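Visitor: I should like to be guided through this structure, one question at a time.
Guide: Certainly; please have it in view as we proceed.

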Amino acid sequence: MERDAMRVAGLGFRRGTVDFAAALAAAGPVDALATAAEKAQELAAALPGHRVLGVDVAGVATPTQSARVLALKGTGSVAEAAALMAAGRGARLVRAREVIGGVALAVAEGEGE
């Protein structure tokens, strides 16, 4: 039996961000939102009703490389790393990191948990 891919929007944002509407609209339909573990509670509070996953992004290789994010988080892009980790086995980016309305967005598809 073939299983549908899990589609995850990875989000990177600064603390206190309240407007995620433009980034969510750009992501299209997703099964979950993902971000760095330490910001998952903040994202879930800002977006009630969405499935939010907090993941460890340190050490995750990403196509986008920000020196600042690499120094702070141990990965080149929180959005890409979070999307890839949360999408599960076989994850691949279907939308590379783009900043929309002050929020970094990337979308990945994978086999899920």
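Guide: A residue is called buried when its relative accessible area is under 20%, and exposed when that area is over 50%. Please note also that this is a predicted model.

Visitor: Is Thr35 buried or exposed?
Guide: Thr35 has its place in strand E2, residues 32–36. Its relative accessible area is 1%, and the limit for a buried residue is under 20%. Thr35 is therefore buried.

Visitor: Which residue offers the backbone oxygen that the side chain of Thr35 reaches?
Guide: Thr35 touches several residues beyond four places away in sequence, among them Leu11, Phe13, Leu53 and Val78. The side chain of Thr35 comes to 2.7 Å from a backbone oxygen, and that oxygen belongs to Leu11.

Visitor: Which strands stand at the edges of the sheet?
Guide: The sheet is open, has 5 strands with mixed pairing, and follows the order E3-E2-E1-E5-E4. Each edge strand has a single partner strand, so one side of it is left without a neighbour in the sheet. From one strand to the next, the twist averages 25°. The strands at the edges are E3 (52–55) and E4 (92–100).

Visitor: What is the bridge partner of Ala9 in E5?
Guide: Strand E1, residues 6–12, and strand E5, residues 103–110, run antiparallel and are joined by 7 bridges. Within E5, the partner of Ala9 is Val107.

Visitor: What angle does the direction of helix H4 make with that of E1?
Guide: Helix H4 covers residues 78–87 and packs on the sheet, where it touches E1, E2, E3, E4 and E5. The angle between its direction and that of E1 is about 150°.

Visitor: How is the aromatic pair of Phe13 and Phe20 arranged, and what is the angle between the planes?
Guide: A pair of aromatic rings is described by the distance of the centres and the angle of the planes. Phe13 is buried at 7% relative accessibility, and Phe20 is buried at 2%. Their rings lie 5.2 Å apart, centre to centre. Planes over 60 degrees apart count as edge-to-face, and this pair is edge-to-face, with an angle of 90°.

Visitor: Which residue has its charged end over the ring of Phe13?
Guide: The charged end in question lies 5.0 Å from the centre of the Phe13 ring. The residue is Lys39.

Visitor: Is Ala25 buried or exposed?
Guide: Ala25 lies in helix H1, residues 21–27. Its relative accessible area is 62%, and the limit for an exposed residue is over 50%. Ala25 is therefore exposed.

Notes:
Residues are numbered from 1 along each chain as its sequence is written. This is a predicted model: local features need pLDDT of at least 70, side-chain atom pairs count only at pLDDT 80 or more; totals for chains, interfaces and linings use all residues. Side-chain values use heavy atoms; hydrogens and water are left out. Helices (H or I, at least four residues) and strands (E, at least two) are DSSP runs, numbered from the N terminus. Buried means under 20% relative accessible area, exposed over 50%, partly exposed in between (1.4 Å probe, protein chains only). A polar contact is a pair of N or O atoms within 3.5 Å; within protein, one must be able to donate a hydrogen and the other to accept it, and residues adjacent in sequence count only if both atoms are side-chain atoms. Contact means heavy atoms within 4.5 Å. Two strands pair if DSSP finds at least two bridges between them. Axes are lines fitted to C-alpha atoms, for helices over the stretch in contact, and angles run from 0 to 180 degrees between N-to-C directions. Rings of Phe, Tyr and Trp (its six-membered ring) pair if their centres lie within 6.5 Å; planes under 30 degrees apart count as stacked, over 60 as edge-to-face and the rest as tilted. A charge sits over a ring if NZ of Lys or CZ of Arg is within 6 Å of the ring centre and within 35 degrees of the ring normal.
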